[in-house]
Amino acid sequence: MASFNKVILMGNLVAEPEMRVTPGGMSICKFTIAVNRQFTTKEGEQREEVAYVDIDSFGRSAEVISKYLGKGSPILVEGRLRQDKWETPQGEKRSKLMVVCESFKFVGGRDGESNGGGGNEGYERSAPPPRQTKAAPTQEDDFDEDVPF
């Protein structure tokens, strides 16, 4: 039997992304997004539930996410589920389901404006939307290198 492992999520970062580089030179960016769902109960009451999803991105995608996104930034992520398993020092078995980012798109307008999916939709030949709290790219920057695919 064949299996299929694909996840598509759109949400907002709940904290600044955490970037690190392995001794072998691989960039890894870890971040968490909040994904909201609104629904109406049987009684007609409006409710909202929030799921927090941990995501790992690698390589150039990790570098771009770390450079241009921060707490509150909207993002659309396509990836796959991965289950990490480990054992605590006390011998308890633990596991965690998370997402490995295979591609992503910027969502919203420039300077953090969230307009429901308009604005810069993913990578183009121009610059991704810079965050105000991080250095904005200059015209001399070559954004061909920012494209992770």
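## Lys30 and two cysteines: how the labels are earned

Trainee: Why is Lys30 called partly exposed?

Mentor: This is a predicted model, and in it Lys30 has a relative accessibility of 34%. Buried means under 20% and exposed means over 50%, with partly exposed in between, so Lys30 counts as partly exposed.

Trainee: Where does Lys30 sit?

Mentor: Look in strand S3, which covers residues 27–40. Leaving aside neighbours within four places in sequence, Lys30 is in contact with Pro17, Glu18, Ile55 and Asp56. Take Ile55: it lies 25 residues from Lys30 along the chain, yet their C-alpha atoms are separated by 5.8 Å.

Trainee: What makes the pairing of Lys30 with Asp56 a polar contact?

Mentor: Their side chains come to 3.1 Å from each other. The cut-off is within 3.5 Å for a pair of N or O atoms, one able to donate a hydrogen and the other to accept it, so this pair counts as a polar contact.

Trainee: How do you know that Cys29 is not bonded to Cys101?

Mentor: A disulfide is a covalent bond between the sulfur atoms of two cysteines. Here the sulfur of Cys29 has its closest cysteine sulfur in Cys101, 9.1 Å away. The rule asks for sulfurs within 2.5 Å, so that gap is too far for a bond. Cys101 is in no disulfide either, and the count comes to zero disulfides.

Trainee: And are those cysteines, Cys29 and Cys101, buried or exposed?

Mentor: Cys29 has 0% relative accessibility and Cys101 has 8%. Buried means under 20%, so Cys29 counts as buried, and so does Cys101.

Notes. Residues are numbered from 1 along each chain as its sequence is written. This is a predicted model: local features need pLDDT of at least 70, side-chain atom pairs count only at pLDDT 80 or more; totals for chains, interfaces and linings use all residues. Side-chain values use heavy atoms; hydrogens and water are left out. Buried means under 20% relative accessible area, exposed over 50%, partly exposed in between (1.4 Å probe, protein chains only). Helices (H or I, at least four residues) and strands (E, at least two) are DSSP runs, numbered from the N terminus. Contact means heavy atoms within 4.5 Å.
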